[in-house]
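Opened the notebook for a fresh look at this model. I wanted to go through its inner spaces, its strands and a few odd backbone angles.

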Amino acid sequence: MSENGLNAAQKKMRDAGVAQQAIDVFSHYYRELENGATGLIPEDTIEPLTQIDSLDSVSVSPEQARDALSKTVLIKLNGGLGTSMGMDKAKSLLPVRDGKTFLDLIVGQVKAARVKYGVTLPLIFMNSFRTRCDTLEALAAHPGIEVEGLPLDFLQNREPKLRADDLTPVTWEADPELEWCPPGHGDIYTALVASGVLDALLERGYRYAMTSNSDNLGAAPSALIAGWFAASGAPYAPEMCRRTPADVKGGHLAVRKSDGRIILRDTAQTPAEEMHYFTDQFRHPFFHTNNLWFDLQVLRDTLVQRDGILGLPLIKNAKTVDPSDSSSTPVIQMETAMGAAVEAFEGATAIEVPRSRFLPVKTTNDLLLVRSDVYELDEDGLLQMAADQACTVNLDTRYYKKIKDFEARFPAGVPSIRHARTFRVEGDWTFGRGVVATADAVVSQDGAPGTIADGTQL
């Protein structure tokens, strides 16, 4: 039954024009799935990783830093639609500061680094089919951002969702697009090869890649980290931050006992009964930022040696074909994590970076924070914290979860929270201009929608 399922899935991918490299990788994971792979990493198979280099102690000369950055390409993962916030286009097109979108600010960071260090620093996006057109249209408003001979983007691959009962490709006539899913951001390595971008970069003398999520404005170009990475001789290195109680769900690195390799473990790879180990910030003191550095030539050589398959751990995701309809057909989505490649390269390492390099926007809570006066935008396009500490924001999800509702309730901009430790909103409130929150500010409500008047002190 499952062999018929694999054949049907391969045909479906070929008919849709999916690259053969991606079909080969899909086939590898399909066979793992039918052989019972779960992707789980039990605690007794690993040792916590407790000691890594810190950026604070890195010593790199300006010449070394500039030379390394001159050989670096910045790749941004840009396949997400921001559906959790009610968006239907690339999340990177959401306005963040002064009317500028994530994409605008990323472009500004790259241009500033080019001028400051005298480097070309290509900027390339990994788009999905759903984000490509909007993203390229937005990039057209930034002439000069492209580098001659290199594209501004390449496409993430896609694969069929599989019926959970027999592992055949699911059919969903109500919306055939829902029959497909991305293979996780671990697909970046396959997509770089299949698109020809990896070879194009190497031919033009680029050696290193720094890649991160497009919604993380902290992951700006860094000559210092580039210099450290080049000097380390490592083929691969993720940026790590020290965990706090707010980060207990973030993936972490560990050392696999069987072979001594550094590996990545995410929540989906942790047995449910062992989550107390996973969330222990003292046992596993660093979390993975998804800011990664890797050697392009080593990646190319490794993929050639392994016939195009890095062999990243499978992540088996059980879902329904229509995510918004829990009664729709149960499916399995096979995914891999970009950061899991740490185990694919001998000599991989990691570096601890300041929290300022991790500013993702996953919810409207995060959006309010990066729009607020807690941060200021400097001349290099970086968000610099202007407060002693970041305020913890908690908005009532019934009224603020979707971006349309959020914008309607902050028509004159978000409140000042620079001098607040926490800012919590309970109920349906619309905020006026110049509202200021201090200390532990709470707005609560049991009845009808309310309004916070202009200039209110909370």
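Below are my entries, in the order I looked things up.

**Entry 1: the cavity**

I'm working from a predicted model, so local features count only where pLDDT is at least 70. I started with enclosed space. How many cavities of 30 Å³ or more does the structure hold? I found one, and its volume comes to about 210 Å³.

Next I pulled up the walls. The lining of this cavity takes in 22 residues, and Val25, Tyr29, Asp187, Thr190 and Thr336 lie nearest the centre. Which elements supply at least two lining residues each? I noted α2 (20-34), α6 (188-194) and β17 (330-335). The biggest share comes from α2, which puts in four residues. By type I have twelve nonpolar, six polar and four charged residues around the cavity.

**Entry 2: the sheet by α2**

Since α2 and β17 both turned up in the cavity lining, I looked at what surrounds them. β17 belongs to an open sheet of three strands, ordered β9-β17-β16, with antiparallel pairing. The edge strands are β9 (162-163) and β16 (315-320); each has a single partner, so one side of each has no neighbour in the sheet. Helix α2 packs on this sheet and touches β9, β16 and β17, with its direction at about 125° to that of β17.

I then checked the pairing of β16 with β17, which is antiparallel and runs over six bridges. To pin down the register I took Lys316, whose bridge partner in β17 is Met334.

**Entry 3: β3**

Is strand β3 (residues 72-78) buried or exposed? I counted seven of its seven residues as buried, so the strand is largely enclosed by the rest of the structure. I sorted the side chains by direction: Thr72, Leu74, Lys76 and Asn78 point one way, while Val73, Ile75 and Leu77 point the other way. I made a note of Lys76, a lysine that is buried along with the others.

Then the neighbours. β3 runs parallel to β11 (residues 208-213), with six bridges joining the two. Leu74 has Met210 as its bridge partner there. β3 also runs parallel to β6 (residues 123-127), this time through five bridges. For that pairing I noted Ile75, which is bridged to Ile124.

**Entry 4: the second largest pocket**

Back to empty space, this time open. The second largest pocket holds about 440 Å³. I listed 21 lining residues, with Ala220, Pro221, Ser222, Arg357 and Leu382 closest to the centre. At least two lining residues come from each of α4 (102-117), α8 and β20 (383-385). Which of the elements gives the most to this lining? I have α4 down for that, with five residues. The lining splits into 13 nonpolar, five polar and three charged residues.

**Entry 5: α8 and the residue after it**

As α8 showed up in the pocket lining, I read along the helix. α8 covers residues 223-232, and its buried residues are Ala223, Ile225, Ala226, Gly227, Trp228 and Phe229. Just past the end of α8 sits Gly233, with a positive phi of about 75°.

**Entry 6: positive phi outside glycine**

Most residues other than glycine have a negative phi. I therefore wrote down two exceptions to that general rule. Asp307 has a phi near 55°. Where does Asp307 lie? I placed it in the loop between α10 (296-305) and β16, the edge strand from entry 2. Asp307 has a relative accessibility of 65%, over the 50% cut-off, so I filed it as exposed.

The other is Ala439, also with a positive phi of about 55°. Ala439 sits within strand β24 (residues 436-443). Its relative accessibility is 32%, so Ala439 goes down as partly exposed.

**Entry 7: Lys11**

Last item: Lys11, in helix α1 (residues 2-15). With 46% relative accessibility, Lys11 counts as partly exposed. I took the C-alpha distance from Lys11 to Ile23 and got 9.4 Å, for a separation of twelve residues in sequence.

Technical notes:
Residues are numbered from 1 along each chain as its sequence is written. This is a predicted model: local features need pLDDT of at least 70, side-chain atom pairs count only at pLDDT 80 or more; totals for chains, interfaces and linings use all residues. Side-chain values use heavy atoms; hydrogens and water are left out. On a 1 Å grid over the protein atoms alone, a cavity is a set of points where a 1.4 Å probe fits but cannot get out, and a pocket is an open set with protein on both sides within 12 Å along at least five of seven lines; lining residues have an atom within 4 Å of a point. Grid points are joined across faces, edges and corners, and a volume is the space filled by probe spheres set on the points. Ala, Val, Leu, Ile, Met, Phe, Trp, Tyr, Cys and Pro count as nonpolar, Asp, Glu, Lys and Arg as charged, and the others, Gly among them, as polar. Buried means under 20% relative accessible area, exposed over 50%, partly exposed in between (1.4 Å probe, protein chains only). Two strands pair if DSSP finds at least two bridges between them. Contact means heavy atoms within 4.5 Å. Axes are lines fitted to C-alpha atoms, for helices over the stretch in contact, and angles run from 0 to 180 degrees between N-to-C directions.
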